[in-house]
Structure formats: structure tokens, C-alpha cells
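Here's a quick walk through a protein chain, written for someone who likes to poke at coordinates. Have the viewer open and follow along.

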Amino acid sequence: MSTPPGADPAVVGPYLAAAFGDQRWRSVRIELIAAGMSNLTYVVSPEASPADAVILRRPPTGAVLATAHDMAREHRVISALGPTPVPVPRTLHLCTDPEVLGAPFYVMERIVGVHAARELPAGYADAPEQRRAIGNALVDTLGALHAVDPAAVGLGDFGRPEGFLARQVRRWTTQWEATRDRPRPGLDALAARLAETVPVTQRPGITHGDYRLDNCLLDPGTPGRISAVLDWEMSTLGDPLTDLGMMLVYWPEAGEQRPSSQSVVTALPGFPTRREVAERYAAVTGTDLSDLNWYVGFGFFKFAAIIAGIVARSAAGAMAGKDTSGYAERIDPCVALGRAALDDDAI
């Protein structure tokens, strides 16, 4: 029986058997999913019926920044969005007792889907029109999220939309300062410039915080349908355009090698360009995108701060064996792209 870091089967099995009232869970196998560089995600399978596997999410196993990796918040937003058009897994259990696994965790249903972390599977969405459908579905799903009335789903107090953008700049500046690996004056200058040019939020709403292709599962039978949106650890109430700006940061086009690219799939023929993504979002939501360059610049700044945090956690041994080599070298190029967005409207 394997024992991955942070989720001992000898503890998880009996705990779930009691929580679910089902003794089939007393003996389980647990696999740490390789994808993801922040919260840890595991597949938990009862040995008696492996097809009934569920997903367990918990924070990293080492020290983390204050307010980060809040399992209760992630569980809450996914549960609230369950009845809405936004596709999310069904939540099954929340454990707030850190004595069980050393940190709070939650369990949700396992959804089988295509995870395009690095490439599309052979034979899936080979046609350009299918790839365009995937891109359009990602935009439409984001629009559906931003159309949800927070109060109507019990999330009216999920965040503080007033002053959200200024706080975000301060938050990620503070994170960068807490995880600074070496002097990076360009990153400091970008933070200061963003703080001085914060736009006015048009319409507050639920924000995902890290919306991109590889934080979604695609329907295995129908390219162009999203089966689930995952990784809600940074969700809150705020400015929805931060999600669009971040998605564009993660959206390479043909011939590009972006330091922020988590997946190069969108560079394949057929996927819409970043401009087309922005235009579709504006059409779907009716949002004015005249300040989009600021949101893209902020997205690159936030990505650079996230990478700095990953580098720091890796140095502290808190990444459960994940390979973070080369991450530090991605920070300065992202700063340059953020500056270009502000200077030249280069999304």
C-alpha cells in the first residue's frame, strides 16, 4: 500500500469509512496526482471497489503563507456553484480538524475528463473547429461564472469587492516580498506601477483566481464542452476581469514560448487568439475591455509572485517531490511581459 506525502492510507481509509458510513473505505489506495503546484490533490480508491474513487484536496505539507490554501473556502465555493451552470465536482466531505492529516482537507467526486496539461490526447480535438470550440467553451464558462449572483448562491459574504484591485496588488506584493529569492528591481517597479494605476471595477462578481485551460477538465466525448472547473483555492468576490487577464497570460499563440505558459495547447491550429478570446468575452458578458491591458499586466505580476512562492516552498521541501527546476528563471521574463502590456497594450 503506497503512502504518498500528506495522505496516509492507514489514516484516510478508516476516517472516510466513518465519515461515509461505509466500511468499503477502510482499506484504500492513494495516488498523488502530479499536476498542480500548490494544493495537493490525490485519487483515493477503496480497494474493494476502485471504480468508486474520489478526490482528496489538502494544503502543501510544509509551511505556507498566511491565508493561503484555505480548504474550507474552496469547499464552500464549489458547493455553492453546484446548482449553477458552472461545471464543478460534487463535494462529499470537509474535514476541518488538522489532527487527522496535519491540515484541513476535503473530498469531492472524481470526474473523468481530458486534462490538457501539456497536450491534447491523440485523436481528441484533431480538427481546428473542435479546438476553436474548446477555446470558445472556456470563455463561455468563464462568462457563466461571472454571471452568477453571489448572494443568490450563498456567497454574498465570500469576499470584499470594494477596493479589491488595490488589495490584490498589495497582497501579491506582500507575497513577493515574503518569498523574495534575490533582488528583482523590475518586479518591484511593476508592483509600484500597478498600484498607481488601479482601474475602477465595473461589476463585482465571483472570481476563480487562476482560470486557465489546464485547471479545467474537458468532456472526453465532446470537444467544446467543459466537464469541470478545478482548483478554486484563490476564488473570492472581486473584479471578474482579473480572471480574463490571467487567462490571457496563460494563453500562448502559434509560435510563442511564453514563460507563463502552463500548457501550449492553445498554440495549436484552430484555437482562438488572445484578441479573439477577449472579443468573445466582451460579447458574452457585455463588459467594457478598455482597461484590459492593466489586467493583463497585473496577471503577469501575479504569476511572477506565484512562481516566487513555488520556488520558496520548493526550497523549504514543501512541494511533495514536484520538479520546480527552472522556475526562478521564468520570473523576469514575466515581468517584461507585464511591463509590455502596460506600455503597449500587448496582450
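What follows goes from the overall fold to the cores, then to the aromatic rings and one long-range contact.

## The chain as a whole

First things first: this is a predicted model. The chain holds 10 helices and nine strands. Its radius of gyration is 20 Å, close to the 20 Å that the globule rule gives for 347 residues, so the chain is as compact as a globular protein of that length. If you want a box for it, the C-alpha atoms fill roughly 60 × 45 × 40 Å along the principal axes.

On the surface side, the accessible area comes to about 14,300 Å², and carbon and sulfur atoms own 52% of that. As for the inside, 52% of the 347 residues count as buried. Long-range contacts carry a lot of the count: take the contacts with a separation of 6 or more, and 70% of them are between residues 24 or more positions apart.

## Two nonpolar cores

The largest nonpolar core has 80 residues. Leu 81, Trp 232, Leu 244 and Leu 292 have the most contacts inside this core. Helix 9 supplies the largest share of the core, with 14 residues.

Leu 244 is a good one to click on. Leaving out residues up to four places away in sequence, Leu 244 touches Leu 142, Val 277, Tyr 281, Leu 289 and Leu 292. There's also a second, separate core of 16 residues, and Leu 16, Trp 25, Cys 95 and Val 107 are among its members.

## Aromatic pairs

Now for the rings: the model has seven aromatic pairs. In one of them, Tyr 15 and Phe 105 have ring centres 5.6 Å apart and planes at 70°; anything over 60 degrees counts as edge-to-face, so that's what this pair is. Tyr 15 sits in helix 1 (residues 9-20) and Phe 105 in strand 5 (residues 105-109), so the pair ties together parts that are 90 residues apart in sequence. The two partners differ in cover: Tyr 15 is partly exposed at 23% relative accessibility, whereas Phe 105 is buried at 1%.

Tyr 250 and Phe 303 make another edge-to-face pair, with 5.7 Å from centre to centre and 75° between the planes. Tyr 250 is in the loop between helix 7 (241-249) and helix 8 (274-285), while Phe 303 belongs to helix 9 (residues 292-315), so this pair links parts 53 residues apart in sequence. Both Tyr 250 and Phe 303 are buried.

## A cluster, and charges over rings

Some rings come as a group: Trp 294, Tyr 295, Phe 298 and Phe 301 form one aromatic cluster.

Tyr 250 shows up again here, with Arg 212 lying over its face at 4.7 Å from the ring centre. Further along the chain, Arg 330 puts its charged end over the ring of Tyr 327, 4.7 Å from the centre.

## One long-range neighbour

Last stop: Gln 175, which you'll find in helix 5 (residues 164-178). Is this residue buried or exposed? Gln 175 has a relative accessible area of 11%, and since buried means under 20%, Gln 175 is buried. What about its distance to Gly 309? The two are 134 residues apart in sequence, but their C-alpha atoms are 7.2 Å apart in space.

How values were computed: Residues are numbered from 1 along each chain as its sequence is written. This is a predicted model: local features need pLDDT of at least 70, side-chain atom pairs count only at pLDDT 80 or more; totals for chains, interfaces and linings use all residues. Side-chain values use heavy atoms; hydrogens and water are left out. Rings of Phe, Tyr and Trp (its six-membered ring) pair if their centres lie within 6.5 Å; planes under 30 degrees apart count as stacked, over 60 as edge-to-face and the rest as tilted. Helices (H or I, at least four residues) and strands (E, at least two) are DSSP runs, numbered from the N terminus. Buried means under 20% relative accessible area, exposed over 50%, partly exposed in between (1.4 Å probe, protein chains only). A charge sits over a ring if NZ of Lys or CZ of Arg is within 6 Å of the ring centre and within 35 degrees of the ring normal. A nonpolar core is a set of buried Ala, Val, Leu, Ile, Met, Phe, Trp, Tyr and Cys residues joined through side-chain atoms within 4.5 Å. Contact means heavy atoms within 4.5 Å. The radius of gyration is taken over C-alpha atoms; the globule rule is 2.2 Å times the number of residues to the power 0.38. Accessible areas come from the Shrake-Rupley method with a 1.4 Å probe; for residues, only the protein chains shown count as cover.
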